Amino acid sequence: MIRKFDFLIIGSGVAGMSFALKVANSGKGKVALVCKTTLDEANTTKAQGGIASVTNLKVDNFEKHIEDTIIAGDYISDRAAVEHVVRNAPAAIDDLVRWGVNFDKKDDGTYDLHREGGHSEFRILHHADDTGFEIQRGLMEAVRHNKNITILENHYAVEIITQHHLGIEVTRKTPDIECYGAYILDPDTQKIDTILSRITLMATGGTGAVYATTSNPTIATGDGIAMVYRAKGTVKDMEFVQFHPTVLYNPAETHPAFLITEAMRGYGGILRLPNGEEFMQKYDKRLSLAPRDIVARAIDREMKLHGLNHVCLDVTHKDPEETKKHFPHIYAKCLSIGIDITKQYIPVCPSAHYMCGGIKVDLNGESSISRLYAVGECSCTGLHGGNRLASNSLIEAVVYAKSAAEHAVQVIDRYEFNTKVPEWNDEGTMSNEEKVLIAQDMREVGQIMSNYVGIVRSDLRLHRAWKRLDLLYEETEELFKRVKPTSDICELRNMINVGYLITRQAIERKESRGLHYTIDYPKHAYDQR
């Protein structure tokens, strides 16, 4: 089945829906929003802490936010991207409010701002401790009420369509690769439809699920990055995987792990060993409010030194009613496993959280493939450099979605639908035995990445991961060629591709920088062997 949409959007988080709303109201044609599962399941919904923007001009300014971002990124952020996001952030907040998103305010009507690690001022807008959920809710309502947007839930993007599918050889040196749409798996028919588009946006989110433990939903398998890489698009900075320092240590729940927001440390939470001893003073003068890479490595170090599964976050010295008011969901979650955070320490440990690299894009969100844009966590704008500053991700997604939409609307009339694209050949069958192999291989990818390509790395570990992933790649590609595609095997292919990219680009970086820390090129004063 062949379908045509002027704009094809793959992914339904804040990036995809913001772009959809912008282009849907442009009068430039029909919009398809492809959701891997349901519209409400996205990394956006898991973002507790908030969204960063300069709003209190009495004490804050753009220059401070820019500097904080560059410092957190270990001085390898693209300054143009940083300035683009920071200076356009207030207008992006206005867009969200206009679409129905609510942010907490004080009695005087001003925003109730939080401060998080790496920020020099209070500039985090939030909605209690479920800001991402509130943003997703507001955008979903706006999208569902827009008659120009067709929502395709539980549809799975298998590949983007380029000249390769017309029988033309495409390599990484091909200068004029074009995207004509995507092959999409329809869950009702179990057939792969051909969706042609004039403009395609990749907004598929992150890669956390390639690790054994992650704060991301299980759908975060790096699909967009893998699809663009296979289509010979440019992918950059994949070695910079951010591990959130504080997810709830709960062995019964690893995928996704429950996030303990950074705002809790901004609120005054103190990191301690289970015996009550503080330890961050050994690693950074900013103590528990140091940037995430420093805090995550410090926790990893202390866990290894003392043979621990977790450390603790302490808010017992804070007013109990204020804690419940500011963090109702965290309070309820911890209470459900027998921990009253107003009286007891919260057991926490690091977990894979955010991908700072991805599909390389310019200030318009354009990838190296013509007619293909990428926005949100699957993209690499250069904003984050070696490490993302807390709460910069949601604002990046909204700002770049607007930039990409404005550019796409300006250029879409240059493009026509490519009607020469062939339909997908979906011959083949899959047995239950093959499904067992796929599930086992997924677990193996997670173990390889967590054990060898985690918070602290070495050349030996990275090359071991490379060899293991290469074997899995050969086996999976052989299987993919002879079976009818399902979402499971497509996810496995993508996870292996993403794991390979993280590992290869980690091997190529011969230094410790930002989130990439290797004992073979140590940069910091303390040794983490």
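This passage describes helix α4, the residue S53 and a four-stranded sheet in a predicted model.

Helix α4 comprises residues 79–98. At 1.5 Å a residue, its 20 residues should span 28 Å, and the end C-alpha atoms lie 29 Å apart, which agrees with that expectation. The helix nevertheless has a bend of about 50° at A89, and a proline, P90, follows within four residues. At the start of α4, a side-chain oxygen of D78 comes to within 2.9 Å of the backbone nitrogen of A80. Beyond the other end, α4 is followed by G100, which has a positive phi, near 110°.

The buried residues of α4 are A81, V82, H84, V85, V86, A89, A92, I93, D95 and L96. An α-helix has 3.6 residues a turn, so residues three or four places apart point the same way. The partners of the buried residues of α4 include the helices α1 (14–24), α3, α5 (131–144) and α11 (392–411). The strands β3 and β4 (124–125) also pack against these buried residues.

S53 is located in the loop that links β3 (51–52) to α3 (62–72). With a relative accessible area of 0%, S53 is counted as buried, because this value falls under the 20% cut-off. When neighbours within four places in sequence are left aside, the contacts of S53 are H65, A89, P90, I93, R123 and L125. Among these contacts is A89, the residue at which α4 bends. I93, another contact of S53, is one of the buried residues of α4.

An open sheet is formed by 4 strands in the order β10-β13-β12-β11, with antiparallel pairing. β10 (241–248) and β11 (270–272) occupy the edges; each has a single partner strand, so one side of each is without a neighbour in the sheet. On average, neighbouring strands of this sheet are turned by 45° against each other, direction ignored.

At one edge, β10 pairs with β13 in the antiparallel sense over 6 bridges, and V247 stands opposite C349 in β13. β10 is mostly covered, with 8 of its 8 residues buried. At the other edge, the antiparallel pairing of β11 with β12 (residues 311–314) extends over 3 bridges. Here I270 is placed opposite D314 in β12. Helix α8 (residues 292–306) lies across β10, β11, β12 and β13 (346–355), and runs at about 60° to β10.

How values were computed
Residues numbered from 1 in each chain as written. Predicted model: local features only at pLDDT ≥ 70, side-chain atom pairs only at ≥ 80, totals over all residues. Heavy atoms only, no water. Helix = DSSP H or I, 4+ residues; strand = E, 2+ residues; numbered from the N terminus. Buried < 20%, exposed > 50% of the residue type's maximum accessible area, 1.4 Å probe, protein only. Contact = heavy atoms within 4.5 Å. Pairing = 2+ DSSP bridges. Axes fitted to C-alpha atoms, helices over the stretch in contact; angles between N-to-C directions. Expected span 1.5 Å × (residues − 1). Bend = angle between axes of the 7 residues up to and from the residue. Polar contact = N/O pair within 3.5 Å; in protein donor to acceptor, adjacent residues only side chain to side chain.
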